[in-house]
Amino acid sequence: TVEEVKQFARRKGRRACHDARDAFYKCLEDSGVPDWRRGDAVPRSCAKSRKAYESECPASWVVHFDQTYAHNKAVAQFLQEKVQQGGRRTS
């Protein structure tokens, strides 16, 4: 709703959202599932932090952050593979 967006546009709401988001992604890393993507099952150990993340952030922000997280992880993995190959072209 418009009121939700106004609430989260305020600094305090944004900080709470970002803190909850960061805690969830850290939990994924600590749980050994850094390649998690939206739609995948949330590890049991991260269920509480996911719930907090979803309650602190507007739904549209959660979708955006999840997509960005997955994209950044895919890019990092691609670049790491390129470095391991010595930067050689594979095609």
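**Burial and salt bridges in a predicted four-helix chain**

Q: Why does Arg50 count as buried?
A: Arg50 has a relative accessibility of 7%. Buried means under 20% relative accessible area, so at 7% Arg50 counts as buried. This value, like the others below, is computed from a predicted model.

Q: How many helices and strands does the protein chain have?
A: The protein chain has four helices and zero strands. Read from the N terminus, its elements follow the order α-α-α-α.

Q: Which residues of helix α3 are buried?
A: Helix α3 spans residues 47-56, and its buried residues are Ser49, Arg50 and Tyr53.

Q: What puts the buried residues on the same side of α3?
A: Ser49, Arg50 and Tyr53 are the buried residues of α3. They cover an arc of only 105° around the axis, and therefore they lie on the same side of α3. On the other side of this helix, Lys48, Lys51 and Ser55 are exposed.

Q: Against which elements do the buried residues of α3 pack?
A: They pack against α2, which covers residues 11-30, and against α4.

Q: Where is Asp66 found?
A: Asp66 is found in helix α4, which runs over residues 59-84.

Q: Why is Asp66 called buried?
A: The relative accessible area of Asp66 is 1%. The cut-off for buried is under 20%, so Asp66 is buried. Arg50 is buried as well.

Q: What makes the pair of Asp66 and Arg50 a salt bridge?
A: The side chains of Asp66 and Arg50 meet at 2.8 Å, N to O. A salt bridge requires a side-chain nitrogen of Lys or Arg within 4 Å of a carboxyl oxygen of Asp or Glu. At 2.8 Å, the pair of Asp66 and Arg50 is a salt bridge. The pair links distant parts of the chain, with Asp66 in helix α4 and Arg50 in helix α3, 16 residues apart.

Q: How do you know that the side chains of Asp66 and Tyr53 make a polar contact?
A: The side chains of these two residues are joined at 3.2 Å. A polar contact calls for a pair of N or O atoms within 3.5 Å, one able to donate a hydrogen and the other to accept it. The Asp66 and Tyr53 pair is therefore a polar contact, at 3.2 Å.

Q: Which residues does Asp66 touch, not counting those up to four places away in sequence?
A: Asp66 touches Tyr25, Trp36, Arg38, Arg50 and Tyr53.

Q: How do you know that Asp66 and Arg38 meet in a salt bridge?
A: Their side chains meet at 2.7 Å, N to O, and the cut-off is within 4 Å. The pair of Asp66 and Arg38 is therefore a salt bridge. This pair also links distant parts of the chain: Arg38 lies in the loop between α2 and α3, 28 residues apart from Asp66 in helix α4.

Q: Why does Arg38 count as partly exposed?
A: Arg38 has a relative accessibility of 41%. Buried means under 20% and exposed over 50%, with partly exposed in between. At 41%, Arg38 therefore counts as partly exposed.

Q: Where do Glu54 and Arg50 lie, and how many residues apart are they?
A: Both lie in helix α3, four residues apart, which is about one turn of the helix. Their side chains meet in a salt bridge of 2.9 Å, N to O.

Q: Why is Glu54 called partly exposed?
A: The relative accessible area of Glu54 is 44%. Partly exposed lies in between the cut-offs of 20% and 50%, so Glu54 is partly exposed.

Q: Which residues are linked in a network of salt bridges?
A: Arg38, Arg50, Glu54 and Asp66 are linked in this way. In the whole structure, a search finds seven salt bridges.

Q: What makes Val33 partly exposed?
A: Val33 lies in the loop between α2 and α3. Its relative accessibility is 25%. Buried requires under 20% and exposed over 50%, so at 25% Val33 counts as partly exposed. Leaving aside neighbours within four places in sequence, Val33 is in contact with Leu28, Pro43 and Tyr69.

Q: Which residues form a nonpolar patch on the surface?
A: Val75, Phe78 and Leu79 form this patch, with about 270 Å² of accessible area together. Leu79 has its place in helix α4 and counts as partly exposed at 47% relative accessibility.

Terms used: Residues are numbered from 1 along each chain as its sequence is written. This is a predicted model: local features need pLDDT of at least 70, side-chain atom pairs count only at pLDDT 80 or more; totals for chains, interfaces and linings use all residues. Side-chain values use heavy atoms; hydrogens and water are left out. Helices (H or I, at least four residues) and strands (E, at least two) are DSSP runs, numbered from the N terminus. Contact means heavy atoms within 4.5 Å. Patches are made of residues with over 30% relative accessible area and no salt bridge: like charges are joined within 9 Å, nonpolar side chains (Val, Leu, Ile, Met, Phe, Trp, Tyr) within 5 Å. Accessible areas come from the Shrake-Rupley method with a 1.4 Å probe; for residues, only the protein chains shown count as cover. Buried means under 20% relative accessible area, exposed over 50%, partly exposed in between (1.4 Å probe, protein chains only). The arc is that of the directions from the helix axis to the C-beta atoms.
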